[in-house]
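Student: Hi, could you walk me through this one? I'd like to get a feel for it before I go back to the bench.

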Amino acid sequence: MRLKLATLALGAVMAAAPAMAEITMSALSYRTGPYAANGIPFADGYQDYFTLLNERDGGIGGEMINLVECETGYNTEKGVECYEATKGEGVLVYQPLSTGITYQLIPKATADGIPMHTMGYGRTSAKNGAVFPYIFNYPANYWDGASIAITHIANEEGGDLTGKKIALVYHNSAYGKEPIRTLESLAEKHGYELSLLPVDHPGQEQKSQWLQIRREKPDYVIMWGWGVMNQVAVQEAVNIRYPMDHFIGIWWSGSENDVLPAGDGANGYKALTFHNLGDDYPIYADLKTHVVDTGKAAGAGDQLGTALYNRGMYAAMLAAEAIKTAQEMSGESAITPAQMRDGMENLEITEAKMAALGLPGFGPEFKVSCENHGGDGYGAVAQWDAAAGEWSLITDYYQSDQEILAPLIEEDSAAYAAEAGVEPACN
Amino acid sequence: MLYREAGDFKTSYAEDSQTFPIKFDRWRYYAVLAVAFGVIPFFINDYWVSAIFLPFLIYSIAAIGLNILTGYCGQVSLGTGGFMAVGAYACYKLMTAFPDISIFFHVILAGGITAGVGILFGLPSLRIKGFYLAVATLAAQFFLVWIFNRVPWFYNYSATGQISAPERTVFGVKVTGPETDAWATYLFCLVFVVLVAWLARNLTRGTVGRKWMAIRDMDIAAEIIGVNPLTAKLSAFAVSSFFIGIAGALFFAVYLGAVEVGEVFGINKSFLVLFMVIIGGLGSIFGSFAGAAFLVLLPVILKNLLVGTLGWPTDLAAHLEFMIVGALIIVFLVAEPHGLAQLWRVAKDKLRLWPFPH
């Protein structure tokens, strides 16, 4: 009857799903809209890594991977539609790649029992796995980012930030507001003065914010931007001759797209990162042989080696490793989302594992547990070299200020638990 | 043939001025209601409800609201997104402040609060018209979004500025929050749609609606024959905002569950609802439904067709979607500037004479 009704109403909507593979993964990507410039490389990297596993290894544990891509345009409504449209196909894990969509999906995914991996974005307090059993945000989150930026500034200033002025230029949305609480707590500890400069979606208009920066002359500017907002901010900073090495972006403000339009002026701009950069890794040889040369590369195939391509690949790698862990734990190759969740909760990334995958030293080592869904908060600072046209790490990976962050995460997740009626439990 | 009037006798004025004067239309209307209430809830699933039915129902309410203002009263408004935001935030504040009161009343109260805000922003309409009024309501759109982003009281001081709907029930059935059943949210919205459409239809064919239309057609003439422009215009703003507020409350609480004002209730939403009204047909309740269906369903159908069936890359499909929807809008408006409702009216008239035209 339902089918009849459906065909009567709109036959085309009941479009046939792609051929069912044993392991289904989703990519909620955005290759269109104001954030496309940054959405495309990530989506390409994510897709190419799974293509590589399919082509080279015949999938994971003998199971081919079926990647279902759905275009969200960074739009929450479309993201929800994508989630509902694909969840029936047995998707193992969702990576919404948008803090707004993440907030939307946290309760839904938890109710449906499908894990979600929000790598370096999303709701920070989801690190507390006792309250958010299905949400993972390893290896680092926004509050780690905020803390790492402040630590870096403190190192530059010889350890003392008293009386310094730091400005936060942020996307006026859940994403951009996320670090404010941490930066305020850190300001109490270190004694710097924080000024907040919101920029409205999509971020092309920032003249007044940068005029304010020119007037107030903050010692450092931290930026939480994404998409077109980054390019504009870097250009504006160049225009007011702000010292670029005192301008630090979060990891989502650190791609080639963000600095190239400003040309040489962008030289010295810094951005955080939780994984390594460039294409000097053995895996790129495999990618070339099995994916690029066979014409199976995602998109235009021109993004290999860029910062966000690497990040997409890293996200796919972490997902693939969690699938392997889940397969080992359950002894089955065709795992369910529930088994995937267990695999993610028992994931351990070591240097040996990364080296075996052709990515030696690519990211920090970490181990996930029920109490800690967010890794250990290691990050590094990268700097843009305009002449060479590449990002390079200028610091080691170092940890965020856990002393400040742990109570904040405890407090925020407890508030969520009370609001949503969740009984925190680790068993 | 289907639309024959032979044998359909009317013996009173009430019968003669009913909404569906033709017997077939009347029965069709009851049949649609019966299917909507009695059949669909049993077969609906999460995908159908969240991708198709909820957006369609909620945008229909918003389109009816805007149609009253723009279509019936002739006051162009670009503030729909802002007024929807008022409904959403009012509903959120009420839900969190009075958790024991049924969500049903919260939604209606949210509509009431939006009506108040609508009257406030409708005041300029007494002095300005047309494009100038559109700009004034545009200011309302930006101001409202800005204030909901700016004042932490509206989002209960949450760290991210997002509002999320706590779990609320109607007769013990969950209609908000993550654990809802598809049929429950669907029925909850459907009840509002039916109430709103019934109310709107009856308002627009009574004294109030005639006053609105008189103002729309020629305000000076209307004033001369005794229509008070102040009450007529402000009542149109109030009723319209009331419906739009209900739509905003449902959009936030039932459909999305969590909302970020800048993205969800931005200027794009105002345009979307305005397009629905224009494509559906100005000054028609049926047109509001047709317009909402057109703009909600078409992208979903195209996406499923291009990506799901033909297997095209998602970005190519997304771009083509814009082009096809845009082209269809132009074609529709060139072929029939009065929208889908007028097409339907013409088709009906032809069918009434078929197969023997004059």
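**A chat about the two chains**

Tutor: Happy to! Let's start with a single side chain: A:Lys87 is buried, with a relative accessible area of 17%. Keep in mind that this is a predicted model.

Student: Which residue does A:Lys87 meet in a salt bridge?

Tutor: Its partner is B:Asp46, with 2.8 Å from N to O. The pair crosses between chains, running from helix 3 of chain A to helix 3 (residues 46–72) of chain B.

Student: And B:Asp46, is that buried or partly exposed?

Tutor: B:Asp46 is partly exposed, because its relative accessible area is 29% and buried means under 20%.

Student: What else is linked with those two in a network of salt bridges?

Tutor: A:Glu84 and A:Asp112 join A:Lys87 and B:Asp46 in that network. As a general point, side chains of opposite charge can pair when their charged atoms come close.

Student: How many salt bridges are there between chain A and chain B?

Tutor: Three salt bridges are counted between chain A and chain B. One more to look at is B:Lys269 with A:Glu77, where the closest N and O atoms are 2.3 Å apart.

Student: What about polar contacts between the chains?

Tutor: Nine residue pairs are in polar contact between chain A and chain B, with both residues at pLDDT 80 or more. On the chain A side, the elements that each supply at least two residues are helix 1 (2–10), strand 2 (65–71), helix 3 (76–87), helix 4 (99–112) and helix 6 (174–177).

Student: Which of them gives the most?

Tutor: Helix 3 of chain A does, with eight residues. By type, the residues on the side of chain A that touches chain B divide into 18 nonpolar, eight polar and 14 charged.

Student: How many residues does each chain bring to the contact?

Tutor: Chain A brings 40 residues and chain B brings 41 residues. About 3,600 Å² is buried between the two chains, and carbon and sulfur atoms give 58% of that area.

Student: OK, new topic. What does chain A look like on its own?

Tutor: Chain A has 15 helices and 14 strands. Its radius of gyration is 21 Å, close to the 22 Å from the globule rule for 427 residues, so chain A is as compact as a globular protein of that length. Its C-alpha atoms fill a box of roughly 65 × 50 × 50 Å along the principal axes, and 60% of its 427 residues count as buried.

Student: What ties distant parts of chain A together?

Tutor: Let's take two salt bridges. A:Glu156 pairs with A:Lys270, with the closest N and O atoms 3.2 Å apart. A:Glu156 lies in helix 5 (residues 142–156) and A:Lys270 in strand 9 (residues 270–273), so the pair ties together parts that are 114 residues apart in sequence. A:Glu156 is partly exposed at 43% relative accessible area, whereas A:Lys270 is buried at 2%.

Student: And the second one?

Tutor: That is A:Arg181 with A:Asp412, at 3.6 Å from N to O. The pair links helix 7 (residues 180–190) to helix 15 (residues 402–420) of chain A, 231 residues apart. A:Arg181 counts as partly exposed at 23% relative accessibility, and A:Asp412 is buried at 10%.

Student: Where is A:Trp224 found?

Tutor: A:Trp224 is in strand 7 (residues 220–224) of chain A, and it is buried with a relative accessible area of 0%. Its C-alpha atom is separated by 9.5 Å from that of A:Ala146, which is 78 residues apart from it along the chain.

Student: Switching to chain B now. How many helices and strands are there?

Tutor: Chain B has 15 helices and four strands. Its radius of gyration is 21 Å, which agrees with the value near 21 Å for a compact globule of 358 residues. The C-alpha trace spans about 70 × 55 × 45 Å along its principal axes, and buried residues make up 50% of the chain.

Student: Which residues does B:Thr80 touch?

Tutor: Leaving out residues up to four places away in sequence, B:Thr80 touches B:Leu66, B:Gln141, B:Ile244, B:Ser270 and B:Val273. B:Thr80 sits in helix 4 (residues 80–97) of chain B and is buried, with a relative accessible area of 0%.

How values were computed
Residues numbered from 1 in each chain as written. Chains lettered and ligands numbered in written order. Heavy atoms only, no water. Contact = heavy atoms within 4.5 Å. Buried area = accessible area lost by both parts, 1.4 Å probe. Salt bridge = Lys/Arg side-chain N within 4 Å of Asp/Glu carboxyl O. Polar contact = N/O pair within 3.5 Å; in protein donor to acceptor, adjacent residues only side chain to side chain. Nonpolar A, V, L, I, M, F, W, Y, C, P; charged D, E, K, R; others polar. Rg over C-alpha atoms; globule rule 2.2 N^0.38 Å. Buried < 20%, exposed > 50% of the residue type's maximum accessible area, 1.4 Å probe, protein only.
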